[in-house]
Amino acid sequence: MSNDPQATAAPLTRRVRRRRREPQSALPVRLTVNGQPVERQVEVRKTLADFLREDLGLTGTHLGCEHGVCGACTILLNGEPVRSCLIFAVQAEGTTIETVEALASGETLHPLQAAFREYHGLQCGFCTAGFLMSALALLRAQRQPTDEQITETLGGHLCRCTGYQGIVDAVRAAARTWER
Amino acid sequence: MKPAPFRYVAPRSVDETLALLAEHGAEGKILAGGQSLVPLLNMRLARPQVIVDINRVKSLAYIRRRGDLVHIGALTRQAAVEASAVVRRYVPLLGEAIRFVGHPQIRSRGTVGGSIAHADPSAELPAVLAALGGQVVVRGPSGERVLSAGEFFTGYLTTALDSAELLAEVRFPVAGGRTGHAFLEVARRHGDFALVGVAAVIQRADGKIGAARLTFTGVGPGPVRATEAEALLSGSGPGRPFAEAARAAAAGLDPDGDIHASAQYRREVASTLARRALDLAWQRSGGAAR
Amino acid sequence: MPTRWFGERIPRNEDPRLLTGRGMYVDDVRRPGTLHAAFYRSPHAHARILRIATDQAKALPGVVAVVTAQDLPERIRGPLPKLIPHPALVHHKTQVALAGEVVRHVGEPIALVVAESRYIAEDALELIAVEFEVLPAAVDLEAAAKPGAPRVHADMADNIAAHHIQRAGNVEEAFAKAPHVFRERFTMDRGSSSPIETRGVVAEWDPRSHQLTVWDSTQAPIRIRNYLSDLLGLPQANVRVIAPDIGGGFGPKIMMCYPEEISIPWAAMMLERPVKWIEDRREHFVATNHERLQIHDAEIAVDTDGRILGVRTTYLHDCGAYCAYGLTVPIVSGTTLPGPYKIPNYHAEYRAVFANKTQTSPYRGAGRPHGVFVMERLMDRVARELGIDRAEVRRRNFIQPHEFPYDLGGLIYQDGVRLVYDSGNYPEVFRKTLDHIGYADWAAQKARYRREGRRVGLGFAFYVEGTGIGPYEGCRITVEPSGKVYVATSVGTQGQGHYTSFAQIVADALGTDVRDVIVTTGDSGAFGWGTGTFASRAAVVAGNAVALAAGAVRQKTLQVAATLLEARGDDLELAEGKVFVRGVPGRAVMLGQVAAAANPLRGVIPQEWEGPGLEATRYFAPPSGAFAAGCHAALVEVDTETGLIRFLRYVVVHDCGPVINPMILEGQVRGGVAQGIGNAFYEKLVYDEQGQLLTQTFMDYLLPTVAEVPAVEVDHVETPSPLNPLGIKGAGEAGVIPVPALVASALDDALSEEGVRITEMPLSPSRLREILREAQTAPTPA
């Protein structure tokens with residue numbers, strides 16, 4: 001099967017994989033993270049959030065609740081904002097993941113990040129990465145998001161510091177300033 | 001909050017899934033969107049030995065209209081339903097209700113099948129299914145069976161699925177002509193589970209109420225159809241006894257109280273929401289506002 | 001480049017780091033060989049521990065240690081330190097690192113597991129078996145306060161930790177003679193600060209250098225350092241505690257010493273490997289201090305014009321199972337209650353009560369919300385009973401601008417100092433607020449809403465907030481040869497923007513760009529003296545220490561530069577990172593060059609320099625607190641059928657004196673308002689009769705989202721404080737303090753037809769409908 005995308009895997013693994021899928025405790029996972037290919041062996045119960053933070057050292061994504069309410073752990077999976085505490089790393093096989101670390105270009109902030117700074121959309125910064133990734137997905141999908149769309153997107157996140165106004169103002173501003 | 005150890009497998013086809021469920025279903029759990037299951041795993045409130053991840057069974061994700069039914073594959077993401085022109089046009093009640101399910105970040109992973117199979121008593125989709133008289137297609141070792149909502153939802157977080165079975169498809173009847181719908185909900189915060197939710201459908205006939213459907217969520221172990229109120233409304237002559245029907249519907253409820261709302265609150269708000277939803281459904285059916 | 005940074009809305013220095021995921025919070029600390037900890041916590045509210053079986057847990061592959069109380073050295077086996085003693089606090093009970101004999105609240109730690117991963121550590125918890133003798137629990141506050149209630153501490157006769165009275169004037173006489181006396185009972189229920197970052201500790205012990213390094217999510221790193229030194233028998237110089245980036249503090253992270261803050265460093269020393277413990281969210285709900293539950297019986301005596309003759313309140317304060325932090329919250333309630341009003345006769349009496357629940361300690365507001373709730377509700381009551389406009393009745397009682405400093409008649413504030421308001425202009429704050437919210441034609445507007453079938457109410461609430469208390473804070477400023485300025489201070493930062501606001505003060509003094517001032521906070525290794533970030537004091541106390549140190553560095557700079565430029569110090573200016581002769585910009589030297597010149601390799605330095613370098617360390621110890629004030633007003637709409645509420649408008653007028661960075665200040669206010677809205681309508685910790693906490697996740701403990709929090713309009717009044725060189729007052733808690741009172745005021749107004757009178761917080765849609773029903777069926781009050 002020369003057009004098998006997994007042709008680069010070790011032949012033994014392929015044979016085992018084709019024979020029958022049996023439940024496993026650990027599995028290899030291959031995915032793209034912030035544009036880089038990644039391959040690791042991982043325990044199946046390890047969440048994507050823990051995988052990103054511990055195995056890949058991408059500590060910009062934070063854990064606030066581990067039950068899918070606070071949104072601090074939000075990353076983009078194939079462009080969609082998802083709670084990485086509710087996905088196991090093995091489930092991310094073959095996907096494209098973007099985390100907050102991918103936004104800036106060197107020392108230059110992404111327009112969305114610059115807007116957060118200008119409009120005081122963060123204080124302690126702990127929830128911020130999650131907000132940024134959700135807002136990023138929104139702005140990619142909508143040239144001129146309505147206030148309702150902004151509220152709907154940001155409503156899936158908790159912030160304890162800002163009272164949200166600075167965040168809303170920042171997303172509105174970024175919609176104008178980010179050329180896309 | 002880390003889950004207890006489990007083994008994991010990700011089948012790629014329905015047949016493979018069924019084979020795995022036959023072998024591991026008793027001590028296993030199906031993982032679809034994970035928005036309900038993974039919190040339980042993280043809190044160790046659920047401790048299956050095996051997780052069968054069906055997210056790679058692409059054949060289970062579709063939205064198709066065939067005749068009088070819209071068929072939605074169990075793995076269809078709630079976000080896809082929200083964005084679907086087919087749903088918006090042919091099952092508008094579902095299109096309205098889906099926007100109350102959590103937040104966009106939940107809906108990008110959560111699935112229609114997952115929500116139906118989880119059968120949370122405050123969830124929106126089971127109420128929509130019951131209100132519209134929809135069906136659930138279940139596949140198992142002995143083949144396929146089709147169940148009505150009433151047959152499928154058997155109790156608090158319980159369904160007629162047995163451990164070797166897979167919910168494969170959900171079917172919603174296409175909305176008829178001169179039919180209006182409304183889905184309303186009261187929640188503590190935007191996006192929370194409903195304290196009380198109501199789905200109403202009214203079909204006009206000769207300028208009067210022809211048929212009516214009224215179903216609640218958040219007031220019982222599963223979706224609760226207000227059959228008495230429906231009877232009161234259907235063919236009720238030129239009147240529009242929405243308030244009376246709403247009161248009758250609420251009187252027939254026996255909700256539980258909890259830390260978020262008392263039983264009395266749920267009953268009273270059920271009446272209020274039913275009245276508002278019937279009003280709205282009537283107007284949307286083309287009927288004049290009161 | 002502006003020459004003045006103080007007062008400017010400057011974007012924050014720390015933002016690029018935080019925005020790009022390069023913050024370092026405790027869980028981001030990565031040390032080679034780190035082990036991970038989890039705690040076995042009590043499932044019972046009150047029980048004797050009969051037996052703990054840990055063998056199975058120890059045998060699990062990947063588990064390195066399982067520790068119980070008997071394994072701890074004696075120094076840390078007993079009750080942990082008492083923090084703030086008080087003569088009234090007769091029973092100053094504190095928690096232990098690991099419970100060995102008795103557990104007194106659900107969540108109290110009993111065993112510590114250390115393993116290769118948190119996953120394995122949690123697996124091991126399930127293999128620990130503890131045999132308990134379950135004891136009756138004291139849960140309900142009033143029941144716990146009664147004689148005969150199950151005793152939380154067996155060596156006490158009851159559950160009363162403290163009984164404390166503060167008085168001014170003669171209330172008995174005042175009430176006896178008063179034409180009108182109104183009585184009410186007020187309840188505020190338990191809440192949690194719930195920062196998005198839970199607590200955490202990483203500890204690393206180097207046995208070769210005998211150094212202990214601890215990263216801790218604490219608001220008081222220096223004090224934790226001191227306690228660790230004492231408890232673990234190490235020199236203070238050998239212990240370094242770093243509070244790195246902290247994901248929100250709000251008070252409970254100032255509590256010292258949480259059990260984990262002691263057991264984790266000890267475990268690291270014992271195992272000679274770094275140990276990390278990160279509290280998960282469910283743990284946080286039971287293991288991090290709560291606050292807010294108090295029940296007040298209050299009465300107000302007024303004359304026929306509504307002038308206050310006296311106020312009296314008796315209240316119960318819920319300590320939970322211990323009261324390590326002491327009586328700050330109930331003391332603050334009693335001393336905040338008088339507010340902006342002249343109250344010639346006052347009596348505040350409370351009992352602090354133990355119960356088998358998580359311990360309590362200050363959470364943003366720290367008792368002020370209660371004081372304001374009681375006083376503002378009483379004022380609204382007076383207005384209604386006497387038929388006086390509720391704004392007018394307040395105006396008649398305000399302390400006037402010319403009456404400062406205003407002595408409250410002998411009350412003692414939380415800092416142990418006689419309560420005296422330093423400055424303020426309450427009528428002006430009030431006038432601005434009412435103006436903004438449109439109070440003057442509210443009656444007509446309300447009627448318009450009513451005709452549309454809408455129930456809308458206008459509420460307002462006034463508060464005076466004690467801020468900026470001592471004992472002290474310090475700061476060291478050093479200019480390096482690069483020209484960059486390094487500021488080290490002891491307070492920690494949990495989002496308040498100290499990296500920027502302190503830099504603004506320094507940049508003004510030294511004429512540099514604010515971005516060239518690098519601030520370090522919260523590291524005992526960088527600066528070893530201080531108290532902590534709490535009680536709206538960091539900007540005031542640390543900020544003034546920063547200003548004093550900056551002033552000293554400025555003087556030294558002029559002194560050294562005078563030598564370099566062969567000019568007199570008086571003729572020199574500092575601006576744009578340079579020192580130059582006034583009027584002769586060409587005769588200039590860079591700030592960094594001056595720093596280098598102040599530290600020559602050879603030769604002689606003048607005596608008057610008092611040492612090398614451009615560096616100074618200064619402390620600021622305020623003589624008493626500085627009193628900020630403010631007023632919130634809002635339009636709140638109620639759907640009477642569903643009990644849901646909506647804010648149509650929200651206005652804040654705040655007076656914290658001169659404002660260092662208005663953008664940061666407004667952020668603090670807005671964030672506080674959001675938490676206040678949580679306290680009013682969403683956030684309630686619920687215990688059942690057995691002392692089980694029913695609200696242990698974010699699904700049940702509801703934090704407001706963007707959809708529940710309105711846009712807040714903020715305006716200012718500035719009455720500088722005479723008590724510190726910058727004239728500033730604190731603002732960290734201003735947003736949260738009056739919100740419950742405000743919401744109650746608005747709901748009373750919206751539901752005035754039904755005669756609703758809100759006396760409890762938090763509410764919910766269900767409870768609001770119940771209150772409406774009760775009001776509609778109740779006989780008309782006399």
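This report covers chain A, its contacts with chains B and C, the nonpolar cores and two buried residues in a predicted model.

## Chain A

Chain A has six helices and five strands. Along the sequence the order is α-β-β-α-β-β-β-α-α-α-α. Of its 180 residues, 61% are buried. Long-range contacts are well represented: among contacts in chain A between residues at least 6 apart in sequence, 54% link residues at least 24 apart.

Helix 5 of chain A spans residues 147-154, and its buried residues are Ile150(A), Glu152(A), Thr153(A) and Leu154(A). Part of the cover comes from chain A itself, including helix 4 (128-141) and helix 6 (165-177). Chain B also takes part: helix 6 of chain B is included in what covers these buried residues.

## The interface of chains B and A

Chain B brings 40 residues to this contact, and chain A brings 37. Together the two chains bury about 3,100 Å², with 51% of that area on carbon and sulfur atoms. Three residues stand out on the chain B side. Tyr8(B), Gln105(B) and Arg109(B) account for 22% of the area that chain B buries against chain A, more than any other three residues.

Four salt bridges link chain B and chain A. One of them pairs Glu152(A) with Arg107(B), with the closest N and O atoms 3.0 Å apart. Glu152(A) is also one of the buried residues of helix 5 of chain A. Across the interface, 19 residue pairs are in polar contact, both residues being at pLDDT 80 or more. On chain B, the elements that give two or more residues to the side touching chain A are strand 1 (7-9), helix 1 (14-24), helix 2 (37-42), strand 3 (50-53) and helix 6 (104-107). That side of chain B comprises 19 nonpolar, nine polar and twelve charged residues.

## The interface of chains C and A

Here 53 residues of chain C meet 49 residues of chain A. The buried area is about 4,100 Å², and 59% of it lies on carbon and sulfur atoms. Leu19(C), Tyr119(C) and Ile196(C) provide 21% of what chain C buries against chain A, more than any other three residues.

Chain C and chain A share five salt bridges. In one of them, Asp123(C) pairs with Arg45(A), the closest N and O atoms lying 2.6 Å apart. Polar contacts join 24 residue pairs, with both residues at pLDDT 80 or more. Helix 1 (15-19), helix 3 (118-125) and helix 17 (662-681) of chain C are the elements that give two or more residues to the side touching chain A. Helix 17 gives the most, with eight residues. By residue class, this side of chain C holds 25 nonpolar, 16 polar and twelve charged residues.

## Nonpolar cores

The largest nonpolar core has 227 residues, and Phe116(A) and Ile300(C) touch the most other members. Leaving aside neighbours within four places in sequence, Phe116(A) contacts Gly121(A), Leu122(A), Thr128(A), Phe131(A), Leu132(A), Ile167(A), Ala170(A), Val171(A) and Leu19(C). A separate core contains 52 residues, among them Phe6(C), Val506(C), Ala598(C) and Ala616(C).

Leu19(C) thus links two topics. The residue touches Phe116(A) and is one of the three that supply 21% of the area chain C buries against chain A.

## Two buried residues

His347(C) sits in strand 15 (residues 346-354) of chain C. Its relative accessible area is 8%, so His347(C) is buried, the cut-off being under 20%. The side chain of His347(C) makes polar contacts with two other side chains: Arg167(C) at 2.7 Å and Glu349(C) at 2.8 Å. Not counting residues up to four places away in sequence, His347(C) touches Ile165(C), Gln166(C), Arg167(C), Val171(C), Val311(C), Arg312(C) and Thr313(C).

Gly218(B) lies in a loop of chain B, between strand 13 (208-217) and strand 14 (224-225). Gly218(B) counts as buried because its relative accessibility is 10%, and the limit is under 20%. Gly218(B) and Asp120(B) are 98 residues apart in sequence, yet their C-alpha atoms are 8.7 Å apart. Beyond neighbours within four places in sequence, Gly218(B) contacts Pro121(B), Ser122(B), Leu195(B) and Arg266(B).

How values were computed: Residues are numbered from 1 along each chain as its sequence is written. Chains are lettered from A and ligands numbered from 1 in the order in which they are written. This is a predicted model: local features need pLDDT of at least 70, side-chain atom pairs count only at pLDDT 80 or more; totals for chains, interfaces and linings use all residues. Side-chain values use heavy atoms; hydrogens and water are left out. Contact means heavy atoms within 4.5 Å. Buried area is the accessible area (1.4 Å probe) that two parts lose on being put together, summed over both. A salt bridge is a side-chain nitrogen of Lys or Arg within 4 Å of a carboxyl oxygen of Asp or Glu. A polar contact is a pair of N or O atoms within 3.5 Å; within protein, one must be able to donate a hydrogen and the other to accept it, and residues adjacent in sequence count only if both atoms are side-chain atoms. Helices (H or I, at least four residues) and strands (E, at least two) are DSSP runs, numbered from the N terminus. Ala, Val, Leu, Ile, Met, Phe, Trp, Tyr, Cys and Pro count as nonpolar, Asp, Glu, Lys and Arg as charged, and the others, Gly among them, as polar. A nonpolar core is a set of buried Ala, Val, Leu, Ile, Met, Phe, Trp, Tyr and Cys residues joined through side-chain atoms within 4.5 Å. Buried means under 20% relative accessible area, exposed over 50%, partly exposed in between (1.4 Å probe, protein chains only).
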